[in-house]
Amino acid sequence: LPISFDTLKTCTTFQALSDQLAQLIEQGCMRIRHKKELLSGGITDQAANYVQMNYYNPDLSLQLVADKLQVSNSYLSRMFHKEKSIPFTEHLLMILVEHAKKFMHDMPWLKNYEVAEKVGFVDGKYFGQVFKKYCQMTLAEYRKIGATAESR
């Protein structure tokens, strides 16, 4: 809940003012507890889980995840690299490629651009470049060799 001091202006009695202040203090305490939980560990796991659950979102980024977790993107980036030994963006791209491979295996009739869209890429050419970087083969090579090899 957003903390708003505007409600204090509308209080006409001391009791109403006291009740509103108590609510604002409780909201502040809840926010502090939430932040402590995030910062006391597990923030990188929460970020990784968020990526896993929202991989298809073309707007998925470090900034979006940081906003969802209510931390700065620099803090999340630093902690992610420290705890996971991999930059956040690298992790994100690896997850997208893994999901793309699964789509190509499970639905081989999908065109490359359709697979790209399913995993959140807007640009099919960039998707092909990322795929090649992480799989050391093109999408066509993977479809010919990799998908059948992985299904065994």
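Is Asp45 buried, partly exposed or exposed? Asp45 is partly exposed, because its relative accessible area is 40%, and buried would need a value under 20% while exposed would need one over 50%. The structure here is a predicted model.

## Salt bridges

Side chains of opposite charge can pair when their charged atoms come close. How many salt bridges does a search of the whole structure find? The search finds three. They are listed here with the distance between the closest N and O atoms.

| Salt bridge | Closest N and O atoms |
|---|---|
| Asp45 with Lys84 | 2.7 Å |
| Lys101 with Glu98 | 3.5 Å |
| Lys102 with Asp106 | 2.7 Å |

Take Asp45 and Lys84. Asp45 belongs to helix α3, residues 43-53, and Lys84 to helix α5, residues 73-84. The two residues are 39 apart in sequence, so their salt bridge ties together distant parts of the sequence. Asp45 has a relative accessible area of 40%. Lys84 has 32%, so Lys84 is also partly exposed.

Next come Lys101 and Glu98. Both sit in helix α6. They are three residues apart, about one turn of the helix. Is Lys101 buried or exposed? Lys101 is buried, because its relative accessible area is 12%, and the cut-off for buried is under 20%. Its partner Glu98 is partly exposed, at 46% relative accessibility.

Lys102 and Asp106 also lie in helix α6. They are four residues apart, so about one helical turn separates them. Asp106 is partly exposed, with a relative accessible area of 38%.

## Helix α6 against helix α8

Two packed helices are described by the angle between their axes and the distance between the axes. Helix α6 covers residues 88-106, and helix α8 covers residues 124-135. Their axes come within 10 Å and cross at roughly 95 degrees. That angle falls in the range of 65 to 115 degrees, so α6 is roughly perpendicular to α8.

Which residues of α6 make the contact? They are Glu90, Leu93, Met94, Val97, Ala100, Lys101 and Met104. From α8 come Tyr126, Phe127, Val130, Phe131, Lys133, Tyr134 and Cys135. By class, this contact has 11 nonpolar residues, three charged residues and no polar ones. Lys101 thus has two roles here: it takes part in the contact with α8, and it forms the salt bridge with Glu98.

## Lys132 in helix α8

Lys132 is placed in helix α8. Lys132 counts as partly exposed, because its relative accessibility is 46%. Which residues does Lys132 touch, leaving aside those up to four places away in sequence? Lys132 touches Met137 and Thr138. Tyr142 is 10 residues from Lys132 in sequence. In space, the two are 9.2 Å apart, C-alpha to C-alpha.

## Helix α4 against helix α5

Helix α4 covers residues 62-69. Its axis and that of α5 come within 8 Å. How do the two axes cross, and at what angle? They cross at roughly 100 degrees. The helices are therefore roughly perpendicular to each other.

In α4, the contact residues are Leu62, Gln63, Val65, Ala66 and Leu69. They meet Asn73, Leu76 and Ser77 in α5. This contact divides into five nonpolar and three polar residues, with no charged ones. Helix α5 also holds Lys84, the salt-bridge partner of Asp45.

Technical notes:
Residues are numbered from 1 along each chain as its sequence is written. This is a predicted model: local features need pLDDT of at least 70, side-chain atom pairs count only at pLDDT 80 or more; totals for chains, interfaces and linings use all residues. Side-chain values use heavy atoms; hydrogens and water are left out. Axes are lines fitted to C-alpha atoms, for helices over the stretch in contact, and angles run from 0 to 180 degrees between N-to-C directions. Angles under 35 degrees count as roughly parallel, over 145 as roughly antiparallel, 65 to 115 as roughly perpendicular and the rest as oblique. Contact means heavy atoms within 4.5 Å. Ala, Val, Leu, Ile, Met, Phe, Trp, Tyr, Cys and Pro count as nonpolar, Asp, Glu, Lys and Arg as charged, and the others, Gly among them, as polar. Buried means under 20% relative accessible area, exposed over 50%, partly exposed in between (1.4 Å probe, protein chains only). A salt bridge is a side-chain nitrogen of Lys or Arg within 4 Å of a carboxyl oxygen of Asp or Glu.
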